[in-house]
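This report describes one protein model, moving from its accessibility and overall fold to its salt bridges, its largest pocket and some individual positions.

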Amino acid sequence: MTGPDPVPGGPPSELDKLRRRVAALSGKRDEAEARLHALLDALLPLDDVLADTRRRAGVLHEARSARETASAALALGEQIKAAHLMLRAEFARHDVDPMDVVGRAVDPAEMRVVGTEPHPRLPGGTVLREKATGFRRGSAVLRAAQVIVAVPGPAPEPVPGPVQESEPAPGPVRAQPRRTTRAQRRLLRKPSAVRGRRT
């Protein structure tokens, strides 16, 4: 027995309510599956780009000359940039946007502080740079940004870079002058050297 049929125009029965809920959930499931399928289809070209990037990285390791190395490094950089742009475009299509937090005050709802750095001019708690980009999906935070923030204090001393070949390396002062060649001193050759050996 299924129970009495509902009176036409009367309140819906529990069975009718259940049918409506099942239909709504089925529609949501179908929509979610379609979106997932579209997302995976869009990521397949990114897999192709990354596979090609891996191949180009192998070429970089096998380069035999400086010119081949520079050419392979340039191509590898372009591939990585293309893959990043493809990924960001796909994020934008699905309403996922990167946060722009540098220069703002720390907001615990959107950011996670992973380090501090003294800064002479900026107020404490100002974001200096991101260690990992944060993302929003619509108005919701998908991933909090990992940031380095300013604290009051003197700026850190610059780390010395690699010494250029034109600059002499700092070191102890030599007691004797460096030896120079005849060409560096621009001395004339000995007459015997010009004539050659006597036979």
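A residue is called buried when its relative accessible area is under 20%, exposed when that area is over 50%, and partly exposed in between. R55 has a relative accessibility of 47% and therefore counts as partly exposed. The model discussed here is a predicted one.

## Overall organisation

The protein has four helices and six strands. Along the sequence these elements follow the pattern α-α-β-β-β-β-β-β-α-α. Of the 199 residues in the protein, 14% are buried.

## Salt bridges

The structure holds eight salt bridges. Three of them, described in the text that follows, are listed here with the separation of their N and O atoms.

| Basic residue | Acidic residue | N to O distance |
|---|---|---|
| K17 | E14 | 3.6 Å |
| R55 | D52 | 2.8 Å |
| R136 | E110 | 2.7 Å |

Two of these pairs lie within a helix. K17 and E14 are both in helix α1, where three residues, or about one turn of the helix, separate them. K17 is partly exposed, because its relative accessible area is 34%, whereas E14 reaches 59% and is therefore exposed. R55 and D52 are likewise both placed in helix α1, three residues apart, which is about one turn of the helix. The acidic partner in this pair, D52, has a relative accessible area of 22% and so is partly exposed.

What does the salt bridge between R136 and E110 tie together? The side chains of R136 and E110 meet at 2.7 Å, N to O. R136 belongs to strand β4 (residues 135-137), while E110 is in the loop between β1 (96-98) and β2 (111-119), so the pair ties together parts that are 26 residues apart in sequence. E110 is buried, because its relative accessibility is 12% and the cut-off for a buried residue is under 20%. R136, with a relative accessible area of 22%, is partly exposed. R104 also takes part here: R104, E110 and R136 are linked in a network of salt bridges.

## The largest pocket

The largest pocket contains about 200 Å³ of space. Which elements give two or more residues to its lining? They are α1 and α2, the latter covering residues 66-93. Helix α1 provides the largest share, with five residues.

The residues that line the pocket are A32, R35, L36, L39, L43, L87, E90, F91, H94, V96 and R137. Sorted by class, this lining has seven nonpolar, one polar and three charged residues.

## A nonpolar patch on the surface

L15, L18 and V22 make a nonpolar surface patch of about 270 Å². One of these residues, L18, is located in helix α1, which spans residues 14-62. Is L18 buried, partly exposed or exposed? With a relative accessibility of 47%, L18 counts as partly exposed, because this value falls between the cut-offs of 20% and 50%.

## Individual positions

D95 is found in the loop between α2 and β1. Its backbone phi angle is near 65 degrees, a positive value in a residue other than glycine. D95 is partly exposed, because its relative accessible area is 42%.

Two further positions can be described through their spatial relation to residues elsewhere in the sequence. R54 is in helix α1 and is exposed, because its relative accessible area is 70%. R54 and I80 are 26 residues apart in sequence, and their C-alpha atoms are 9.8 Å apart in space.

M86 lies in helix α2. At 31% relative accessibility, M86 counts as partly exposed. The C-alpha atoms of M86 and P45 are separated by 8.6 Å, although the two positions lie 41 residues apart in terms of chain separation.

Methods. Residues are numbered from 1 along each chain as its sequence is written. This is a predicted model: local features need pLDDT of at least 70, side-chain atom pairs count only at pLDDT 80 or more; totals for chains, interfaces and linings use all residues. Side-chain values use heavy atoms; hydrogens and water are left out. Patches are made of residues with over 30% relative accessible area and no salt bridge: like charges are joined within 9 Å, nonpolar side chains (Val, Leu, Ile, Met, Phe, Trp, Tyr) within 5 Å. Accessible areas come from the Shrake-Rupley method with a 1.4 Å probe; for residues, only the protein chains shown count as cover. A salt bridge is a side-chain nitrogen of Lys or Arg within 4 Å of a carboxyl oxygen of Asp or Glu. Buried means under 20% relative accessible area, exposed over 50%, partly exposed in between (1.4 Å probe, protein chains only). On a 1 Å grid over the protein atoms alone, a cavity is a set of points where a 1.4 Å probe fits but cannot get out, and a pocket is an open set with protein on both sides within 12 Å along at least five of seven lines; lining residues have an atom within 4 Å of a point. Grid points are joined across faces, edges and corners, and a volume is the space filled by probe spheres set on the points. Ala, Val, Leu, Ile, Met, Phe, Trp, Tyr, Cys and Pro count as nonpolar, Asp, Glu, Lys and Arg as charged, and the others, Gly among them, as polar.
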